Amino acid sequence: LARMKDREAVFEMFRSALGWEIGAALALNFLAIHVKVLRWNVLLRARGIAPVRRSAGRPVPPGVAVVLGDSMGEMMAYCAAADVVFIGGSLLPLGGQNLIEPIAVGKPTLVGPHMFNFAEATATAKAAGAAIEVAGPDELVAEVGRLLADAGRRAALGAAALAFHAAHRGALDRLWSWLEPQISAALAHRRQPGAPTGDAEG
């Protein structure tokens, strides 16, 4: 319920601050990656909005304001289709979501102040200019509006995001390069005569 309130606050802020025509387009990017569609159907239909579900597998007809992304494995495609990405679950103390996916496709990425589930990645991304933190819904709406009005700034943030992602690729390989000798040494020690195996009953 708290996570839903986080998204509903953003949705309503866009509608009231920017007007429905712009707010609907922004909500598309915001809502498209949300796979828990039952609550969103209630939220939208209560406001007279009929969303289209991605799982329907049909082209989105003209005039549809919101598409609900009730599919799995398509997060990167949703991020790539957006002009600006906001990481949900970060306005309230919920910990946020993975911000690397929009950064990996070079999108301006906004986060709220509560990204503690991805604290290190968020801190390094902000320091590199690959993500922007906003304090709340009002600041989020203002920042999105500025970004949508400034293609040059969007491009610069996107380039910073791609550079950040490229600089941090290969982390798994580097971890394994460090870990593999440790594992090999531990296994070699276990094979030595008289070495404890950890299998003895206490």
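Two strands count as paired if DSSP finds at least two bridges between them. The model discussed here is predicted.

Q: In β5, which residue is the bridge partner of Val111?
A: Strand β4 covers residues 109-111 and pairs with β5 in the parallel sense. Their pairing runs over 2 bridges. In β5, the partner of Val111 is Glu133.

Q: Which strands stand at the edges of the sheet?
A: The sheet is open, has 3 strands and follows the order β3-β4-β5. Its pairing is parallel. An edge strand here has a single partner, so one of its sides lacks a neighbour in the sheet. The edge strands are β3 and β5.

Q: What angle does the direction of α7 make with that of β4?
A: Helix α7 packs on the sheet. It touches β3, β4 and β5. Its direction and that of β4 make an angle of about 170°.

Q: Is α7 roughly parallel or roughly perpendicular to α8?
A: The axes of α7 (residues 137-148) and α8 (residues 151-167) come within 6 Å. They cross at roughly 100°. Angles of 65 to 115 degrees count as roughly perpendicular. Therefore α7 lies to α8 roughly perpendicular.

Q: How many charged residues has the contact of α7 with α8?
A: From α7 come Glu143, Arg146, Leu147 and Leu148; they meet Ala151, Arg153, Arg154 and Leu157 in α8. By class, 4 are nonpolar and none polar. The charged residues number 4.

Q: Is Ser90 buried or exposed?
A: Ser90 sits in the loop between β3 and α5. Its side chain reaches the backbone oxygen of Ile87 at 2.7 Å. Buried means under 20% relative accessible area. Ser90 has 0%, so it counts as buried.

Definitions and conventions
Residues are numbered from 1 along each chain as its sequence is written. This is a predicted model: local features need pLDDT of at least 70, side-chain atom pairs count only at pLDDT 80 or more; totals for chains, interfaces and linings use all residues. Side-chain values use heavy atoms; hydrogens and water are left out. Helices (H or I, at least four residues) and strands (E, at least two) are DSSP runs, numbered from the N terminus. Buried means under 20% relative accessible area, exposed over 50%, partly exposed in between (1.4 Å probe, protein chains only). A polar contact is a pair of N or O atoms within 3.5 Å; within protein, one must be able to donate a hydrogen and the other to accept it, and residues adjacent in sequence count only if both atoms are side-chain atoms. Axes are lines fitted to C-alpha atoms, for helices over the stretch in contact, and angles run from 0 to 180 degrees between N-to-C directions. Angles under 35 degrees count as roughly parallel, over 145 as roughly antiparallel, 65 to 115 as roughly perpendicular and the rest as oblique. Contact means heavy atoms within 4.5 Å. Ala, Val, Leu, Ile, Met, Phe, Trp, Tyr, Cys and Pro count as nonpolar, Asp, Glu, Lys and Arg as charged, and the others, Gly among them, as polar.
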